[in-house]
Amino acid sequence: MRVLMWHVHGSWATSFVHGPQTTLVPVTPDRGPDGRGRPDTFHWPDRAVEVPPERLRDEDVDAVVLQRPHELRLAEEWLGRRPGRDLPAVYVEHDTPRRTPSDVGMPEEVVPDSRHFLHDRSDIPVVHVTHFNQLFWNCGRAPTTVIEHGVVDPGYRYTAELPRAGVVINDPLRRGRVAGADLLAELAAAVPLDLFGMNVSGAPRELGIAHEALWTFEDLPQARMHDELARRRVYVHPYRWTSLGLALIEAMMLGLPVVALATTEAVEAVPPEAGVLSTRVATLADAARTLAADPPRARQMGKEARAHAVDRYGLARFLRDWRRTLQEVTR
């Protein structure tokens, strides 16, 4: 099978391209958002192939995996075929719904009423990455299913030599409260934090946190980030409103215990023996401080976290689910 897919979410895409299909990945000269091609910071197999947009009409494409609304238009322009009508397609919904702003010409909706943009179409199935997403999105006529995340196992690497907490947030200043960036100051007062991700270098200054309490590591290659995370004693997940951060699952597979907000899918992903979940930030701060000061307990909880993550979010199950789904839409 030959599948067209844009490189949008690096960690998710890395898992997807490990499937048996040939994945055609658009690449443009500027490697912008619609043509990133293969990444430098993740390991992809050779069957993920870069294709310039102008060559796509000459390629055999069996299905399209869409991840952003405007990819419907791009696919039609670049392939000369309409996804869902002339060509099998699925839409991967990575995100939790947001309230519709009142100034965009659409009825204002609260989150539980949020209508998916494919609400009125039945020709493109919506694949949610969490059951929370499926529960909260109103997809109307669109068929829906859930394929939970699958992660390439980085292996158990936990050394816990640094009594600090690791956090992974891309664009923390732009994403703000959604990613829990505003909570880092209170957490850093309890245990020193190390912030990994893209566009993180300005976070200590903008958030008013002393450098010694918040170190930043700018856009490390995935393998190096995993090594560095494993040196920290605990992983902190401060996200208020996200489907389920893949970095959380990766941290668990590395062997880190987890301290996380009890929101969205985190309550399903982290069992009690693997970490501490709460909607009280003070409780999370205290848990992070306690685990950083208690290496034996942190190590045991981390082993439980790894066992759970490997069992639930293993790559083999993820690839089986996707192979079955792609076979169904192309049948």
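**Exercises on a predicted model**

In the protein chain, 66% of the contacts with a separation of 6 or more join residues 24 or more positions apart, where contact means heavy atoms within 4.5 Å. The model is a predicted one, in which local features need pLDDT of at least 70, side-chain atom pairs count only at pLDDT 80 or more, and totals for chains, interfaces and linings use all residues. Residues are numbered from 1 along each chain as its sequence is written, and side-chain values use heavy atoms, with hydrogens and water left out.

**Exercise 1.** Determine whether the radius of gyration of the protein chain agrees with that of a compact globule.

*Solution.* The radius is taken over C-alpha atoms, and the globule rule is 2.2 Å times the number of residues to the power 0.38. For 331 residues a compact globule would have a value near 20 Å, and because the protein chain has 20 Å, the two agree. The C-alpha atoms fill a box of roughly 60 × 45 × 35 Å along the principal axes.

**Exercise 2.** Locate D171 and D219, and classify each as buried (under 20% relative accessible area), exposed (over 50%) or partly exposed (in between; 1.4 Å probe, protein chains only).

*Solution.* D171 sits in the loop between β8 (162–168) and α4 (172–175), and it counts as buried because its relative accessibility is 15%. Its phi is positive, about 55°, although D171 is not a glycine. D219 lies in the loop between β10 (214–218) and α7 (222–230), has a positive phi near 45°, and is partly exposed at 38%. Helices (H or I, at least four residues) and strands (E, at least two) are DSSP runs, numbered from the N terminus.
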